[in-house]
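Student: I have a new structure to read. Can you take me through it?

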Amino acid sequence: MAIASQYSSKQVEDKWYDYWMKNNYFHSEVDEREPYTIVIPPPNVTGVLHMGHMLNNTIQDVLVRKARLQGYNACWVPGTDHASIATEAKVVAKLRDEGINKADLSREDFLQHAWDWTHKHGGIILQQLKKLGASCDWERTKFTMDDDMSASVIRVFVDLYKKGLIYRGYRMVNWDPQAKTTLSDEEVNYEERNGKLYFLNYQIEGSDEKVTIATTRPETILGDTAVCINPNDERFEHLKGKKVIVPICNRSIPIIEDEYVDMEFGTGCLKVTPAHDENDKMLGEKHNLEVIDIFNDDATLNAAGLHYEGKDRFVVRAEIVEELELSGHVAKVEDYTNKVGTSERTGAVIEPKLSDQWFLKMKDMAEPALKAVLEKDVNLVPEKFLNTYRHWMENVRDWNISRQLWWGHQIPAYYYGEGKNDFVVAENLEEAVKLAAEASGNSAITAEDLTQDKDVLDTWFSSWLWPMSVFNGILEPENKEIQYYYPTNDLVTAPEILFFWVARMIMAGYEYRGEKPFKNVYLTGIVRDKQRRKMSKSLGNSPDPIELIGQYGADGVRVGMLLSSPAGNDLMFDEDLCKQGSGFVNKIWNAFRLVKGWEVSETAEQPETAQKAIAWYRAKFQLSLREIEDHFSKYRISDALMTTYKLVWDDYCSWFLEMVKPGYGEPMDVKTYNEVIAILEDNLKILHPFVPFVSEEIWQNITGRSSEEALIISKWPEKVTFEESLIREFSFASEVISGVRKIRKDKNISFKNEIALSVMNNENVSEAFDSVIAKMGNISELNYVDNSVEGALTFRVKSNEYYIPADGAIDMEAERQKLEEELKYTEGFLKSVEKKLSNERFVNNAPEKVVAIEKAKKADAEAKIEALKASLKNLG
């Protein structure tokens, strides 16, 4: 088979991915082997590959490919998430562009549009993962809205409701006015923003006196139903029992007393708006206050907003301040910085809103999930996230699981009457009719009499079941696949969804299987640019991963992503890393071409240098193999790659191949060649998880292979005993070779010219690698001497002195003249430094660091002078 002079990633990658797929290497079935299982963090069904996906899925593929080589039954389950808020927003935007308003459609019509959108765009990201080389079991691809997945979600909802863990409550929730849905606390990001603190005067009823309150949200005064003072605040003793008039709406509201009020904040008087603030709601309930909701679902003002009805809240803020100023109600305005909650999905400013919603009690479910992590039954990597996890789990709040959307799993609650509690929860309509008949006492009730809850479940309510539901572990808890593949081994995900997803999966695992869903959680960092900014479309600082693959090859991009990706720490991505990765791939390819280009002789004897080289490299390989496996065991994937990189680039390419390379025009003996190929194959096995395409291409080019002999399903190298002394001895020998090469370079001695080398062996170094030193340095003879050699060029390795006769190798007179000039310059430099140090004023007044630098210069100059004099003496 002709070997291409240049490696072509485009041709190679398509060829081998098709080959792997055709031979079903990625697919897993239950068998007698030990399983190794990973479930993919399901990306949004309508999403496209971004740099975070690239990093996350490269790591997963590295782990899966290594496990496959180690003989495990490797199963990597892919899939996508229906992503309620994000997908619905895209469908609504598409319909708007077509002149269609969601409100004008029936639920069924809208869902048809959503499914059309999903079928058109869904799965693009999975196809892109194939370009990366992801060896997922594509036959197992799941979607969170698949029939069996949906049935699992509904069954869990019904079960938790029956257990009393799911309830319906009228609560203050986080409202996203752009998506027009509630969000859980974890879906709200808090950002510091510069705003204003408005001091507003409210007139005391029946008096000319005024009381001043401070607020950041003047538009909400139209929902005020009280002003609160601290009963211990002597300043407002005279206000107790009185009322104030709310500006603009002129509503009379009571002054109430509660120690909740901070006497030091603002004016000490607090306006109470129970419909639009969590703390105000609690005060309202405690003091039996009226609740006035002034906002529509899109955060425009409703009829309670009077003449501001229909206007956006932020527009009203500006206009109402202007009106209050004109009417003399604004005492003053100050700059103010506060934290503003924004939607994790849309970026819209969150509006606190009172609403009937579905909640899941979390406190009891959190306990086993917290214990599992604290007791290391589930390992978080890196451990620095453990305290954050513990804090969240110890302070967990009930989960708001309902969303005011149509795309998603519709809540299986069916209403049969007008009362607030006239509903039943059932897996299907038929069962709901039976339950409704029992609950209502009306045996004539029919399906037409029931109305299903319009809301859908939070997307995370389906994905928290993912490790179980992908193996049908909810609907058939005793099936052979869930029994075999669960718990899974490793979960690779981003720290920002540690609570959204990871913690909840652990809770669900203990609730429904009584055990953890995975053994290890590897938390990747965030991909950032060189300026440390998070890569995002909005900033325009995120390259297109598919374009990177086209330019540098999938292997090159994989190496580039992993080279600076320590677990849990952010990755400072630089495209030059992909260039470096591509260079590494080319280095591997060119090394292979060199080996395959050698002529092989059946009769030639194996030289001693080759024997030594092979023994050394096998020892070095074994040492590196242990380091690589140790790094993998600690999820230091970047370090595992770097050890592999250095072994192949430095030890294999730069040293080993040079050591065994036959002389110019000479053949290689067959014994050495076979050993070189065996070593190459071992290299390819440890390279394969990182660079699967080039490694498979070389593997298949070494010799003809059957489909049972492909690299992807070969065997990970075994650890065997090795002689560590060989590694130490060669390390010393390599320094000697480097010393010889430096002399040749500095003195312009052609490598074609043989030279003699003498050594004063003060270190008592083994002579085991002398033949290698002789070959690599083109040494005609290597002698051991007891005294220094006159008229020679010298260098030192530790305490060993090495001598290369200068006579005949270099122009003695020119070299002497060069050394004398250098000596003269250095002696002059030393005098200038000594003069400075002899100046007491300088030594006493200059900073210690400056004096230390001058002393170091003096010591360096003295050492250099001694070496130059020794070299001149050796020249005779």
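Tutor: Gladly. Keep in mind that this is a predicted model. Let us start with an aromatic residue. Trp655 has a relative accessible area of 14%. Buried means under 20%, so Trp655 is buried.

Student: Which residue forms an aromatic pair with Trp655, edge-to-face?

Tutor: The structure holds 39 aromatic pairs. In the one with Trp655, the centres are 5.5 Å apart and the planes meet at 85°. The pair links helix α19 with helix α22, at positions 75 residues apart. The partner is Phe730.

Student: Is Phe730 buried or exposed?

Tutor: The relative accessible area of Phe730 is 4%. The limit for buried is under 20%, so Phe730 is buried.

Student: Which helix gives the largest share of the largest nonpolar core?

Tutor: Nonpolar side chains tend to be buried together in soluble globular proteins. Here the largest core has 191 residues, and Leu360, Tyr389, Phe461, Trp464, Tyr652 and Phe656 touch the most other members. The largest share of this core is 13 residues, from residues 637-660. That is helix α19.

Student: How many residues are in the other core, the one with Ile213 and Leu239?

Tutor: This core lies apart from the largest one. Ile221 and Val246 are also among its members. Its size is 28 residues.

Student: Which residues form a cluster through ring pairs?

Tutor: Leu360 touches Trp399, Phe461 and Trp464, among others. Those three aromatic residues belong to the cluster. The full set is Phe157, Tyr161, Trp358, Trp399, Tyr415, Phe423, Phe461 and Trp464.

Student: How many residues of helix α21 are buried?

Tutor: Helix α21 spans residues 692-702 and is mostly covered. Its buried residues include Phe693, Glu696 and Trp699. They pack against α1, α2, α5, α16, α17 and α20. The count of buried residues is 11 of 11.

Student: Where is Arg403, and is it buried or exposed?

Tutor: Arg403 sits in strand β17, residues 402-403. Its relative accessibility is 1%. Buried means under 20%, so Arg403 counts as buried.

Student: Which backbone oxygens does the side chain of Arg403 reach?

Tutor: Arg403 touches Thr181, Leu183 and Asp455, among others. Its side chain comes to 3.1 Å from the backbone oxygen of Thr182. A polar atom of that side chain also lies 2.9 Å from a second backbone oxygen, in Asn400. The two residues are Thr182 and Asn400.

Student: How many residues apart in sequence are Asp185 and Arg397?

Tutor: Side chains of opposite charge can pair when their charged atoms come close. Asp185 and Arg397 meet in a salt bridge at 3.4 Å, N to O. Asp185 lies in the loop between β6 and β7, and Arg397 in the loop between α10 and β16, so the pair ties together parts that are 212 residues apart.

Student: Which residue forms a salt bridge with Glu801?

Tutor: Glu801 is buried, at 16% relative accessible area. Its partner is exposed, at 58%. The closest N and O atoms are 2.5 Å apart. The partner is Arg796.

Student: Which ring does Lys66 lie over?

Tutor: Lys66 lies over the face of a ring, at 4.8 Å from the ring centre. Lys102 does likewise with Phe110, at 5.4 Å. For Lys66, the ring is that of Phe632.

Technical notes
Residues are numbered from 1 along each chain as its sequence is written. This is a predicted model: local features need pLDDT of at least 70, side-chain atom pairs count only at pLDDT 80 or more; totals for chains, interfaces and linings use all residues. Side-chain values use heavy atoms; hydrogens and water are left out. Helices (H or I, at least four residues) and strands (E, at least two) are DSSP runs, numbered from the N terminus. Buried means under 20% relative accessible area, exposed over 50%, partly exposed in between (1.4 Å probe, protein chains only). A polar contact is a pair of N or O atoms within 3.5 Å; within protein, one must be able to donate a hydrogen and the other to accept it, and residues adjacent in sequence count only if both atoms are side-chain atoms. Contact means heavy atoms within 4.5 Å. A nonpolar core is a set of buried Ala, Val, Leu, Ile, Met, Phe, Trp, Tyr and Cys residues joined through side-chain atoms within 4.5 Å. Rings of Phe, Tyr and Trp (its six-membered ring) pair if their centres lie within 6.5 Å; planes under 30 degrees apart count as stacked, over 60 as edge-to-face and the rest as tilted. A charge sits over a ring if NZ of Lys or CZ of Arg is within 6 Å of the ring centre and within 35 degrees of the ring normal. A salt bridge is a side-chain nitrogen of Lys or Arg within 4 Å of a carboxyl oxygen of Asp or Glu. Lists of a residue's contacts leave out its neighbours within four places in sequence.
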